[in-house]
Amino acid sequence: MATYAVVDKSECIACGSCGTSAPEIFEFDDEGLAEVIYSGDNNRGVTDIPENLREDLQEAVESCPTECIKVDDKAFA
Ligand code: SF4
């Protein structure tokens with residue numbers, strides 16, 4: 001099953017936790033807000049996160065204090 005992820009940046013508080021848990025999936029913009037950057041996704045939520053990174057993704061989701069990392073088995077756009 002495919003897995004897609006996107007950050008709702010309106011809810012992100014720039015805590016940095018997701019980038020620690022999953023540095024290959026998340027980076028931060030100039031304001032410190034997280035974005036999904038895996039494979040050029042550009043926080044669109046259209047890139048399948050491969051199985052070898054899903055544990056990291058799950059850890060990031062669980063570590064996010066505002067629950068603003070959205071994950072689905074369908075692309076977000
Ligand atoms: S863990 Fe959540 S609140 Fe913290 S930087 Fe990542 S997306 Fe933003």
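The legends below describe close-up views of one predicted model.

**Figure 1. Overall fold of the predicted chain.** The chain contains 2 helices and 4 strands. Their order along the sequence is β-α-β-β-α-β. A box of roughly 30 × 25 × 20 Å along the principal axes holds the C-alpha atoms. The radius of gyration is 11 Å, which agrees with the value near 11 Å for a compact globule of 77 residues. Of the contacts with a separation of 6 or more, 65% join residues 24 or more positions apart.

**Figure 2. Surface and charges of the chain.** The exposed area is about 4,500 Å², and carbon and sulfur atoms supply 43% of it. Buried residues account for 35% of the 77 residues. The chain carries 5 positive and 18 negative charges. The mean positions of these two sets of charges lie 7 Å apart.

**Figure 3. The largest nonpolar core.** This core is made of 17 residues. V7, I25, F26, L57 and I69 have the most contacts inside the core. At least two core residues come from each of β1 (4-7), β3 (34-36) and α2 (51-63). Helix α2 gives the most, with 3 residues. In soluble globular proteins, nonpolar side chains tend to be buried together.

**Figure 4. Surroundings of L57.** L57 is one of the residues with the most contacts inside the largest nonpolar core. With residues up to four places away in sequence left out, L57 touches T3, A5, A22, I25, F26, I49, I69 and V71. Among these partners, I25, F26 and I69 are also listed with L57 for the most contacts inside the core.

**Figure 5. N43 in the loop between β3 and α2.** N43 is placed in the loop that links β3 and α2. Its relative accessible area is 15%, so N43 counts as buried under the 20% limit. Not counting residues up to four places away in sequence, N43 touches V6, V7, K9, E35 and V36. One of these partners, V7, is among the residues with the most contacts inside the largest nonpolar core. The C-alpha atoms of N43 and I25 are separated by 9.8 Å, and the two residues are 18 residues apart along the chain.

**Figure 6. L33 in the loop between β2 and β3.** L33 lies in the loop between β2 (26-28) and β3. L33 is buried, because its relative accessible area of 15% is under 20%. Outside the residues up to four places away in sequence, L33 touches K9, C12, A14, E27 and F28. K9 also touches N43, the residue shown in the preceding view. A distance of 24 Å separates the C-alpha atoms of L33 and D73, which are 40 residues apart along the chain.

**Figure 7. S21 in helix α1.** S21 belongs to helix α1 (residues 17-21). The relative accessibility of S21 is 12%, so this residue counts as buried under the 20% limit. Leaving aside neighbours within four places in sequence, S21 is in contact with D56, E59, A60 and S63. Helix α2 spans residues 51-63, and the contacts of S21 with D56, E59, A60 and S63 therefore join helix α1 to helix α2 under the DSSP assignment.

How values were computed
Residues are numbered from 1 along each chain as its sequence is written. This is a predicted model: local features need pLDDT of at least 70, side-chain atom pairs count only at pLDDT 80 or more; totals for chains, interfaces and linings use all residues. Side-chain values use heavy atoms; hydrogens and water are left out. The radius of gyration is taken over C-alpha atoms; the globule rule is 2.2 Å times the number of residues to the power 0.38. Buried means under 20% relative accessible area, exposed over 50%, partly exposed in between (1.4 Å probe, protein chains only). Contact means heavy atoms within 4.5 Å. Accessible areas come from the Shrake-Rupley method with a 1.4 Å probe; for residues, only the protein chains shown count as cover. Lys and Arg count as positive and Asp and Glu as negative; His and the chain ends are not counted. The place of a charge is taken as NZ of Lys, CZ of Arg, CG of Asp or CD of Glu. A nonpolar core is a set of buried Ala, Val, Leu, Ile, Met, Phe, Trp, Tyr and Cys residues joined through side-chain atoms within 4.5 Å.
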